[in-house]
Amino acid sequence: MKNLRNLWTKAGILGSVSMAFGSILWSQKKPESDQCSSSCTTDDTTTDSPYKLQLVQVLFRHGARTPLKSIPNVMEAQWLPVLLEPPAYTHISYVVTDLHGGPKPPSPIEDKYRSDTLTGGTYPGQLTAVGMQQLYELGKRLRKRYVEETGFLSSTFSPAEVYVRSTNIVRTIESAKCLIAGLFQQKQKEIVHILTTASESEILYPNYHGCKLLKILGSHRWAESSTLPDIAADLQSIQSALGIAAHQNVDFILIRDDMVARETHGLPCPPELDSWRNKVEQRAVDMVYHVFQPSKRESLKLCVGPLLHTMLANIEDKLQGTSAESNRKLYLYSAHDTTLIPCLMALGLFDMKWPPYATDITLELYQHQQTSKPFVKVSYAGQDQLIQGCSGIYCPLEEFKQVLSSYSVSYELYQSLCNNTGGLTEP
């Protein structure tokens, strides 16, 4: 299969869940290094830096997984249980709870996955050993920066320092576990608590189930996305090339999901897809761009507004010293590409490429050591970013808050917006 495109090391593939619409998702090749030129790289690890690191927040995508669905009527791939065996070095002692430390909430999304079985015997949407390795490697990268180079974090996991939250889906929970294993090399003072919440109150992805207005607007956009003239014409052509009947419920996101999942794990792909690969990629991006409507702030506010508000609140709590966890230094949020894409759009960083598996958006809070003024630095996939509206890589906090002011929304206001459907109905 053409050297499997160097397998998962080059895979920037797929991922996640569109909660209201059969849980379809997508992904992407690794962002090019020119995402931010070398001039964007700053060195704040030296002792004479004027900036002192105060807080780190990492929003990351889960690792490689089994597909959510298979392309109908094409060459079958064998998704065997051996693909899911966790490496021993990713094991840690952990428990999954609700946000208050109580029992893990039910997960209807995971239940839906486990009501189906892929050819070979595994469930759809499950984190594979390849995905586990990807998150372990991300943890090692964070360890190098925050433990070895700066000494910002302790070398052993401590719940007083580190907060871990995940969507209530097995692949993101296991991804968080593997990241922690890499970050702390399996060293822990206490059991790791991975916090989750019920699906109706989730803010770590666009919540079509819990937000009525988003469900209505989103279902309209999803319905439209496959019928846009160029997309519809290309879809008809690729269905013909693959021998997929016109009545089959297929779109470019589903095709891409199955295709890249196979490639990531070295499984055979229909040869007819070779010439379509770039077009599948382009049209999947076109679809998601149409769905999220980055030109309309209301859409992004409903998708990630409460999450952005939470991350800004974490910054304010740290600066004001009002948090009950005064020693907290790191917030980890394990999520999906459907989380990262609208966040990148809100930050003005989305470049029409899918976020790779295990990629991260990291927010670092600094205080200037002479003036005590707060600054935020944003990186994406390990590359520092200059945010439009910020006067530098180290963005004054007030400027950063202004950039996000159109999108950040408290959970209470979010709920009010969600229930204000104005007579709109689903298509």
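Which residues are linked with R145 in a network of salt bridges? In this predicted model, the network joins R145 to E364, K377 and D384, and the legends below treat this and other close-up views in turn.

**View A. A network of salt bridges brings together R145, E364, K377 and D384.** The four residues shown are linked by salt bridges into one network, and they should be read against the background of the whole structure, in which a search finds 21 salt bridges.

**View B. K144 and E149 are joined by a salt bridge.** The closest N and O atoms of K144 and E149 are 2.6 Å apart. K144 has a relative accessibility of 45% and therefore counts as partly exposed, and E149, at 38% relative accessibility, is likewise placed in the partly exposed class.

**View C. K401 takes part in salt bridges with E316 and with E398.** In the pair formed with E316, the side chains meet with an N to O distance of 3.0 Å. E316 belongs to helix α8 (residues 297-320) whereas K401 belongs to helix α10 (residues 397-404), so this salt bridge ties together parts that are 85 residues apart in sequence. In the pair formed with E398, the closest N and O atoms are 3.5 Å apart; here the two partners, E398 and K401, are three residues apart in helix α10, which means that about one helical turn separates them. The accessibility classes of the three residues can be given alongside: E316 counts as partly exposed at 24% relative accessibility, K401 counts as partly exposed at 29%, and E398 counts as exposed because its relative accessibility is 57%, where the class of exposed residues begins over 50%.

**View D. Y89 and Y136 form one of the 11 aromatic pairs that a search of the whole structure finds.** The ring centres of Y89 and Y136 are 4.7 Å apart and their planes stand at 55 degrees, an arrangement classed as tilted. Y89 lies in the loop between β1 (51-61) and β2 (94-98), while Y136 lies in helix α2 (residues 129-149), so that the pair ties together parts 47 residues apart in sequence. With a relative accessible area of 33%, Y89 is partly exposed, whereas Y136, at 9% relative accessibility, counts as buried.

**View E. Y411 and Y414 form a tilted ring pair in helix α11 (residues 411-419).** The centres of the two rings are 5.7 Å apart and their planes lie at 35 degrees, so the pair is tilted. Y411 and Y414 are three residues apart in this helix and are thus separated by about one helical turn. Y411, with a relative accessible area of 25%, is partly exposed, but Y414 counts as buried at 5% relative accessibility.

**View F. Other ring arrangements include a cluster and a lysine over a ring face.** Ring pairs link Y51, Y366, F375 and Y394 into a cluster. Elsewhere, K329 lies over the face of F152, at a distance of 5.2 Å from the ring centre.

**View G. F400, a residue of helix α10, is buried.** The relative accessibility of F400 is 1%, so F400 falls in the buried class, which takes in values under 20%. When neighbours within four places in sequence are left aside, F400 is in contact with L312, L347, L363, V376, V378, C390 and C395. A further point of reference is I387, which is 13 residues from F400 along the chain and whose C-alpha atom is separated from that of F400 by 8.2 Å.

**View H. R262, located in helix α6 (residues 252-264), counts as buried.** R262 has a relative accessibility of 2% and is for that reason classed as buried. A polar atom of the R262 side chain lies 2.7 Å from the backbone oxygen of M75. Not counting residues up to four places away in sequence, R262 touches V74, M75, E76, A77 and W79, together with L267, P268, C269 and P270; M75 therefore appears in this view both as a residue touched by R262 and as the source of the backbone oxygen just described.

Technical notes
Residues numbered from 1 in each chain as written. Predicted model: local features only at pLDDT ≥ 70, side-chain atom pairs only at ≥ 80, totals over all residues. Heavy atoms only, no water. Buried < 20%, exposed > 50% of the residue type's maximum accessible area, 1.4 Å probe, protein only. Helix = DSSP H or I, 4+ residues; strand = E, 2+ residues; numbered from the N terminus. Phe/Tyr/Trp six-rings, centres within 6.5 Å; stacked < 30°, edge-to-face > 60°. Lys NZ or Arg CZ within 6 Å of the ring centre and 35° of its normal. Contact = heavy atoms within 4.5 Å. Polar contact = N/O pair within 3.5 Å; in protein donor to acceptor, adjacent residues only side chain to side chain.
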